[in-house]
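Me: Hey, I'm new to this one and could use a quick tour. Can you walk me through how the pieces sit together?

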Amino acid sequence: MPKVRTKDIIEKFDMELLSGEEGINRPITTTDISRPGLEIAGYFEYYPAERLQLLGKTELTFFEKLNPRERTERMEKLCTDITPGIIVTRDMEVPAELIEAAERESVPVMRSKQKTTRLSSHLTNYLESKLAPTTAVHGVLVDLYGIGVLITGKSGVGKSETALELVKRGHRLVADDCVEIRQEDIGNLVGNSPDLIEHLLEIRGVGIINVMTLFGAGAVRSHKKISLIIDLEIWDQKKSYDRLGLDEEKMRILDTDVTKLTIPVRPGRNLAVIIEVAAMNFRLKRMGMNAAEQFTNRLSDVIEDGDHDEN
């Protein structure tokens, strides 16, 4: 199923459909928008017919200077069987030649009151959001101090219980169990919950609870950029865990590398507090304050001073 169709654009941006109603279910497959100025001038060699076409004041003013034969010819070439739609901006009058050509090829012709540049920007942002690469990850996404923290780990390790404790401490739940992730830009991953389980949290022994109903609207949010991944795993005595925080592990999701911390779980450890501190420490590191590096530098200075005293 196509993610975006022409009819979605019409509804989202409140456009007036003037022609080509049969084509409103055409798929939009690219985020790029075309302003076919060169094509109206007669150059169709590299015409990107699969894109939405935007006709503004510049294109239509030039179009009016063409003779009748050229006007008909250009609009016929502009309307193809793969063109998802042609949009006329600024609520300008639509050329009769465009209406006729669009009817023959069932190309939707729409009119918008917005200015061309502004509409182009809004369309691009909307399409990038809808057509972005997506994936799904088993885990819990919470908003801690403005940091989107994705909590992962094997089933039963305590992800949902930790999320519940974090919500009780004033943080916000984004998604539990299944996190839908889309890459809106390079290095920008945004997570949200599937509609079916939005605002819901599963606690073994209790069942499914509605976080928004129990804790209020301030305890949830619809989406959040993922900045940190915390992987919970059962404590392994044979495994060596990072005790200083100098080693920075990364986890790749789609085409983006995200900082990952592995936290061992065993009875007596307050995971909610540990994850809170991890999020705050992550913020400090991004601000240029790294406690682990500061400690290492101090230790090196002490060792060097000791060597000088011996000499």
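Me: Let's start with α7: which strands does it lie across?
Reply: One thing up front: this is a predicted model. Helix α7 lies across β7 (140-144), β8 (147-153), β9 and β15.

Me: And at what angle does α7 run to β7?
Reply: About 20°.

Me: OK, what sheet has those strands in it? How many strands form it, and in what order?
Reply: It's an open sheet of 6 strands, ordered β9-β7-β8-β15-β17-β16, and the pairing is mixed.

Me: Which strands stand at the edges there?
Reply: β9 (172-175) and β16 (249-253). Each has a single partner strand, so one side of each is left without a neighbour in the sheet.

Me: What's the average twist in it?
Reply: From one strand to the next, the twist averages 35°.

Me: Now β15 and β17. Do they pair in the parallel or the antiparallel sense?
Reply: Parallel: strand β15 (residues 228-234) and strand β17 (residues 256-265) are paired over 7 bridges. If you want a spot to look at, I230 stands opposite L261 in β17.

Me: Back to α7 for a sec. How do its axis and the axis of α9 cross?
Reply: Helix α7 (residues 159-168) and helix α9 (residues 271-286) have axes that come within 9 Å and cross at roughly 70°. That makes α7 roughly perpendicular to α9.

Me: Is that crossing left-handed or right-handed?
Reply: The crossing of α7 and α9 is right-handed.

Me: Which residues meet there?
Reply: From α7 you have T162, E165 and L166, and they meet L271, A272, I275 and E276 in α9. Sorted by class, the contact of α7 with α9 has 4 nonpolar, 1 polar and 2 charged residues.

Me: Switching topic: what's the order of strands in the 4-strand sheet?
Reply: That open sheet goes β6-β10-β11-β14, with antiparallel pairing.

Me: Which strands are at its edges?
Reply: β6 (134-138) and β14 (223-225). Each of them has a single partner strand, so one side of each has no neighbour in the sheet.

Me: How much are neighbouring strands of this sheet turned against each other?
Reply: By 30° on average, direction ignored.

Me: Last one: how many bridges join β6 to β10?
Reply: There are 5 bridges between β6 and strand β10 (residues 178-185), and the two run antiparallel. One pair to look up is H138, whose bridge partner in β10 is C178.

Methods: Residues are numbered from 1 along each chain as its sequence is written. This is a predicted model: local features need pLDDT of at least 70, side-chain atom pairs count only at pLDDT 80 or more; totals for chains, interfaces and linings use all residues. Side-chain values use heavy atoms; hydrogens and water are left out. Axes are lines fitted to C-alpha atoms, for helices over the stretch in contact, and angles run from 0 to 180 degrees between N-to-C directions. Angles under 35 degrees count as roughly parallel, over 145 as roughly antiparallel, 65 to 115 as roughly perpendicular and the rest as oblique. A crossing is left-handed if the near helix is turned anticlockwise from the far one by less than a right angle, and right-handed if clockwise. Contact means heavy atoms within 4.5 Å. Ala, Val, Leu, Ile, Met, Phe, Trp, Tyr, Cys and Pro count as nonpolar, Asp, Glu, Lys and Arg as charged, and the others, Gly among them, as polar. Two strands pair if DSSP finds at least two bridges between them.
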